[in-house]
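Please walk me through this model in the viewer, one selection at a time. I would like to know what to select next and what is there.

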Amino acid sequence: MAVKEISIRFGLEDGNCSEYIGTGWSVAERSFRWSHGNESVLALPPITGAASYLLTCNITPFHPQGRERQELGIDINGFDVDQFRPSIGVPVAIIVPGKMLSAERKNIITLRNYDACVPSHVVSKQSDDRHLGFAWRSLALAPSAYSEFARPGLLPELVGNDFTVGEIAMAFQSLGQNCEFGMFQRRCNVEPIGLLRWAYIVPPKLLSGLMSRFEGIDDTSALSLKASKLGGHLTGHHTIYGLDYHTFLMEADVDVSETTLKESKRIGFLARMLIGQLEGNDKIFVRSKGFSTLRELRTLHLAMHVYNPAARLLYVDEAPPEARELIGRVEWLAPGLYKGYVEHFAPEQNVPDYFCFDVWRRICETVFLFDRSLH
Amino acid sequence: MIGESEIFEEITHLLREIFVRSDMIVSPETTDGDVPGWDSFKHIEIIIAIEEKFKIKFSTREVDGLISVGDLVRAVRLKL
């Protein structure tokens, strides 16, 4: 019987993969199972109901020191779907056109482990002689709003509107690259509160925060405040979520242990506000840098979909040297997923003086007006 | 049940503590623009203090609408 979606977990603890796995798999371990040899096969039941599916995988490559990350190929029913090098700690999201899947027969997924290697050959004192590919934690295939026909296209720049730059800037919320977007909002005379507005968080930690609803972020023992060598500005560092942020406090003005307690409460409160914003439909989220491929961007967008299937994400990057005409423009990548281009990002040492205000304004205005035109 | 005037008194007391100004004049119309140092960071501190004082939690959307002291009083009143 055909199903509409499928979710497979590979670990011993909560695994359900035994009915799906074919050749090329090792025995299950506590929370994952290694793909083994050159090919690992999964046989999924007939699936039906959508023009487009999202295949999401939580995997970690076997990655001995000094070796390049392994390459993975994915083939479904004989169709080459993708071939890439998964990053450590970053889940994978891939669009699968519905026409590749069968509603009558089993769907055979072949995972090609191009660089599977033997631990005993590459790690000293290792006796494991399996050809290890990837540690698979989960795989899911579910209908997606992404269209198989979707192709990136530039959004038109609409001239003239009734909104102030402040109203437009308030419609966005940062997902934490650094304080450049926060500075842009400040220049627009708006000061929205936001967990990640003045923060830096690396992509895997952002994804894990989104997936765990930032659970435990208010744990005081996970937060440390450190004074900068120059000036004594206090910055916060969260050990669980790898969050580095400005407190805008001076070490000389506060009791650091009392402030750490206050800051823990503050970031706990801000995480709750962020989750509320993710669940709502008022904000367009902004991220720059760190998600270098479309696949990684889709993964971030997908993590936001858990809160709200209509979540919108604007990713901003520097325009490549051969396409400077993209500066200030926005590409539509998929429903709710946009990519804008700046000339350059401001240097970390002096964001206020060097960020491209007019370019950020054009980008935000374009996305804001396009987004409103859809509702 | 606690009334709006009592909530207003409690919030006034909290604001005086947070801004360390026992002579601070507060009215329902008071907003961040009227109080030196009431920036977005202080705003969060005020809301957290109110949540703890009255043992309530505001939603994201409610927080977005909390501009003046009167807004804070009414929001607390609705939660109690």
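Begin with one pair of side chains in this predicted model. Select A:R272 and B:E51: their side chains form a salt bridge, with 2.5 Å from N to O. It lies between chain A and chain B, across whose interface the rule finds 4 salt bridges.

Now show the secondary structure of chain B. On the side of chain B that touches chain A, the elements giving two or more residues are α2 (40-54) and α3 (60-64). Of these, α2(B) makes the largest share, with 8 residues. Coloured by class, this side of chain B has 6 nonpolar, 3 polar and 5 charged residues.

Next, display both sides of the interface. Here 14 residues of chain B are in contact with 16 residues of chain A. The two chains bury about 1,400 Å² between them, and 62% of that is on carbon and sulfur atoms. Select B:F41, B:I44 and B:T60 next: they supply 43% of the area that chain B buries against chain A, more than any other three residues. With polar contacts switched on, the count between chain B and chain A is 6 residue pairs, both residues at pLDDT 80 or more.

Keep B:F41 selected and turn to the internal spaces. How many cavities of 30 Å³ or more are there? The count comes to 2.

The largest cavity has a volume of about 110 Å³. To centre the view on it, select A:G194, A:W198, A:R266, A:L270 and B:F41, which lie nearest its centre among the 15 lining residues. B:F41 thus appears in this lining as well as among the three residues picked out at the interface. Then add β16 (243-250) and α5 (256-279) of chain A and α2 of chain B, each of which supplies at least two residues of the lining. By class, this lining has 10 nonpolar, 3 polar and 2 charged residues.

The last stop is the second largest cavity, which holds about 60 Å³ of space. Select A:S174, A:L175, A:G176, A:Q177, A:N178, A:E180, A:F181, A:V286, A:R287, A:S288 and A:W360 to show its lining. Two elements of chain A, α3 (180-187) and β17 (284-288), each supply at least two residues here. Which of the elements gives the largest share of this lining? It is β17(A), with 3 residues. By class, the lining of the second largest cavity has 4 nonpolar, 5 polar and 2 charged residues.

Terms used:
Residues numbered from 1 in each chain as written. Chains lettered and ligands numbered in written order. Predicted model: local features only at pLDDT ≥ 70, side-chain atom pairs only at ≥ 80, totals over all residues. Heavy atoms only, no water. Contact = heavy atoms within 4.5 Å. Buried area = accessible area lost by both parts, 1.4 Å probe. Polar contact = N/O pair within 3.5 Å; in protein donor to acceptor, adjacent residues only side chain to side chain. Helix = DSSP H or I, 4+ residues; strand = E, 2+ residues; numbered from the N terminus. Nonpolar A, V, L, I, M, F, W, Y, C, P; charged D, E, K, R; others polar. 1 Å grid on protein atoms, 1.4 Å probe; cavity = no way out; pocket = protein on both sides within 12 Å on 5 of 7 lines; lining within 4 Å. Points joined across faces, edges and corners; volume = space filled by probe spheres on them.
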